[in-house]
Amino acid sequence: MTRVLVVEDDPQLVRALEINLKARKYEVDAAVDGGTAQRLASARPPDVVLLDLGLPDMDGIDVIRWLRGFSRAPILVVSARQASDEKVAVLDAGADDYIPKPFSMDELLARLRAAARRTRSAERGETTAVIETEGFTLDLLAKKALRDGRAVRLTPTEWHLLEVLVRHRGRLVSQQQLLGEVWGPTHSTRTNYLRVYMAQLRRKLEPDPAHPRHLITAPGMGYRFEG
């Protein structure tokens, strides 16, 4: 069974999460503060972590850094904080995703399932060179893209951007990380590059570019590939 560590100081929310997770056959450990989270994670390492940032004894970002000292378990931050710089700091500290409060329980559970699947695939050493969606196919090794069975030409920069997103499939990748990997560290503030190239990729690949299903934007934070 997948073990989920819930780190949250709101008892009503903890109860709701415990009920929904246990009903879906997850094992659940709950911590109301950072110190308890550290003790539980040390005794029973979690497979996935759901983490609030506003804890009574320490900031959630410190918990993320502590966890990343020994664990690669996906960390899904669930928080009411809205400032873009705080969201980016969360990703830079090692979180895998950011879910703003209030949230849909169905969406949270879907993201948790995706995170758990990625972990199992990584543990089995699985890699995917061919990505297939209902609208397009990407062959990363051959650098070939098909949309509705027809070849689509992508530029080298578009391929590089896609490769970074696909490598972190299902995980939010910060703007700074994308800019650094694709254009280099001297371009870390050129967020307009990302807007332009992501718009181009959506026009070339997404069935409905105005409502993308695979190339997802998290405003002020970064981008995620779902597929």
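The exercises below, each with a worked solution, concern two aspartates and one helix in a predicted model.

**Exercise 1.** Locate Asp52, decide whether Asp52 is buried or exposed, and list what Asp52 is in contact with beyond its neighbours within four places in sequence.

*Solution.* Begin with the record: UniProt, in an unreviewed entry, lists Asp52 for "modified residue: 4-aspartylphosphate". Next, place the residue in the fold, where Asp52 falls in the loop between β3 (48–51) and α3 (60–68). Then take the relative accessible area of Asp52, which is 7%; because buried means under 20%, Asp52 counts as buried. Finally, with neighbours within four places in sequence set aside, the contacts of Asp52 are Val7, Glu8, Asp9, Gly60, Val78, Ser79 and Lys101.

**Exercise 2.** Work out which side chain is joined to that of Asp29 by a polar contact, and where Asp29 is placed.

*Solution.* Asp29 belongs to strand β2, which comprises residues 27–31, and Asp29 is buried, its relative accessible area being 9%. The side chain of Asp29 is joined to that of Arg3 by a polar contact of 3.1 Å. Arg3 also appears among the residues that Asp29 touches, together with Val4, Leu5, Val6, Leu40 and Arg44, when residues up to four places away in sequence are not counted.

**Exercise 3.** Identify the buried residues of helix α4 and the elements that they pack against.

*Solution.* In α4 (residues 84–93), the buried residues are Lys87, Val88, Val90, Leu91 and Ala93. These buried residues pack against α3, β4 (75–79), β5 (97–100), β10 (173–174) and α7 (175–182). To finish, look just after α4, where Gly94 adopts a positive phi of about 125°.

Conventions. Residues are numbered from 1 along each chain as its sequence is written. This is a predicted model: local features need pLDDT of at least 70, side-chain atom pairs count only at pLDDT 80 or more; totals for chains, interfaces and linings use all residues. Side-chain values use heavy atoms; hydrogens and water are left out. UniProt positions are given in the numbering used here, feature names are shortened, and annotations may be inferred rather than shown by experiment. Helices (H or I, at least four residues) and strands (E, at least two) are DSSP runs, numbered from the N terminus. Buried means under 20% relative accessible area, exposed over 50%, partly exposed in between (1.4 Å probe, protein chains only). Contact means heavy atoms within 4.5 Å. A polar contact is a pair of N or O atoms within 3.5 Å; within protein, one must be able to donate a hydrogen and the other to accept it, and residues adjacent in sequence count only if both atoms are side-chain atoms.
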